[in-house]
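Reader: I should like to learn how the features of a protein model are read. Would you take me through them in turn?

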Amino acid sequence: MKKFLLILGMVTCLVGLSACGEEQVAESRLQYTEADIADAPESLLDLVSQVVATGQQEQAVARYPELADAINGWASAAEEIGTVLGVTNRVVEMGAEEATVTLTVDGDLHDAEVIIVYGMQGEVAAFTVNVIKPFKELMTNAALNTLLGMGTVFIVLILISLLIACFKYISVFEKKMAEKKAKKNPAPAVEAAVEAVPAVEEAKEDDCELIAVIAAAVAASEGAQGTEGFVVRSIKRRVGGWQKA
């Protein structure tokens, strides 16, 4: 039992030593130490803020293309941060292949968290700016965004309702336009003549009936049995004849 515990302890020590050796090898990949980048983050922050404040982003990016991400990142948040008053906190994390430095920046409008990542040779691999906003402001912005979204939806629904309500007026307008067009373009005279034909025929039928009545009256006055002995050839109407009689 004692031999087993002894062997177990030796194995544990060997595993610990191997892990320490791997950690040392991993840390030795960086070509700099924490002391070498002691002032680098603050200097980089001052340079980037001055470039953005003076409006020389394009010239600085053309001259230092490796700092393009840093300059553009700070420019996107500079209006919310305002003037940099100083750095209130600094955290450095040395990794196997990169070092991460987190700076807490004090601005006159908002504070910000700047995360700078250095590569194996000390080059700036990433530059991120996160504006720190108070909870009250975050909730206010969220409420405004919600109201804006809901207001837009209600406005669109109201416009759709008004458009649907206008459909009946559109039909009335189309009917009036059709009536105006019909008045401007009357039917041809041929149609009027065709419509007048039944009236003429009706007049002829009335004359035939009148002729038959007159013939029957004449036959009765002559004492004839029928109207075969005479023919009524024409009827002339005289205006005011009964009055003269």
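Author: We shall begin with the sheet and then turn to single residues and helices. Please bear in mind that this is a predicted model.

Reader: What is the order of the strands in the open sheet, and which are the edge strands?

Author: One follows the pairing from strand to strand. Here 4 strands form an open sheet in the order β1-β2-β3-β4, with antiparallel pairing. The edge strands are β1 and β4 (124-132), each of which pairs on one side only. On average, neighbouring strands of this sheet are turned by 15° against each other, direction ignored.

Reader: How many bridges join β1 to β2, and how many join β2 to β3?

Author: Strand β1 (residues 84-94) is joined to β2 by 9 bridges, and the two run antiparallel. They form a hairpin with 4 residues between them, and Met94 stands opposite Ala99 in β2. On to the next pair: 7 bridges join β2 to strand β3 (residues 111-118), again antiparallel. There, Thr104 stands opposite Glu113 in β3.

Reader: Which helices lie across the sheet strands β1, β2, β3 and β4?

Author: Helix α2 lies across β1, β2, β3 and β4 and runs at about 120° to β3. Helix α4 (residues 68-81) also lies across these four strands, at about 10° to β4.

Reader: Is Thr100 buried or exposed?

Author: The general idea is to compare the relative accessible area with a cut-off: under 20% counts as buried. Thr100 has 17%, and is therefore buried. This residue belongs to strand β2 (residues 99-107). Beyond its sequence neighbours up to four places away, Thr100 touches Val91, Val92, Glu93, Ile115, Ile116 and Val117.

Reader: Where does Tyr32 lie, and what is it in contact with?

Author: Tyr32 lies in the loop between α1 (2-27) and α2 (40-53). With a relative accessibility of 9%, Tyr32 counts as buried. Its contacts beyond four places in sequence include Met94, Ala99, Tyr118 and Gln121. Gln121 is 89 residues from Tyr32 in sequence, yet their C-alpha atoms are 7.2 Å apart. In addition, a polar atom of the Tyr32 side chain lies 3.4 Å from the backbone oxygen of Tyr118.

Reader: How do the axes of α5 and α6 cross?

Author: The axes of helix α5 (residues 135-165) and helix α6 (residues 167-184) come within 4 Å and cross at roughly 30°. Angles under 35 degrees count as roughly parallel, so α5 is roughly parallel to α6. Leu163, Ile164 and Ala165 in α5 meet Phe167, Lys168 and Tyr169 in α6. By class, this contact has 5 nonpolar, no polar and 1 charged residues.

Methods
Residues numbered from 1 in each chain as written. Predicted model: local features only at pLDDT ≥ 70, side-chain atom pairs only at ≥ 80, totals over all residues. Heavy atoms only, no water. Buried < 20%, exposed > 50% of the residue type's maximum accessible area, 1.4 Å probe, protein only. Contact = heavy atoms within 4.5 Å. Pairing = 2+ DSSP bridges. Axes fitted to C-alpha atoms, helices over the stretch in contact; angles between N-to-C directions. Parallel < 35°, antiparallel > 145°, perpendicular 65-115°, else oblique. Nonpolar A, V, L, I, M, F, W, Y, C, P; charged D, E, K, R; others polar. Polar contact = N/O pair within 3.5 Å; in protein donor to acceptor, adjacent residues only side chain to side chain.
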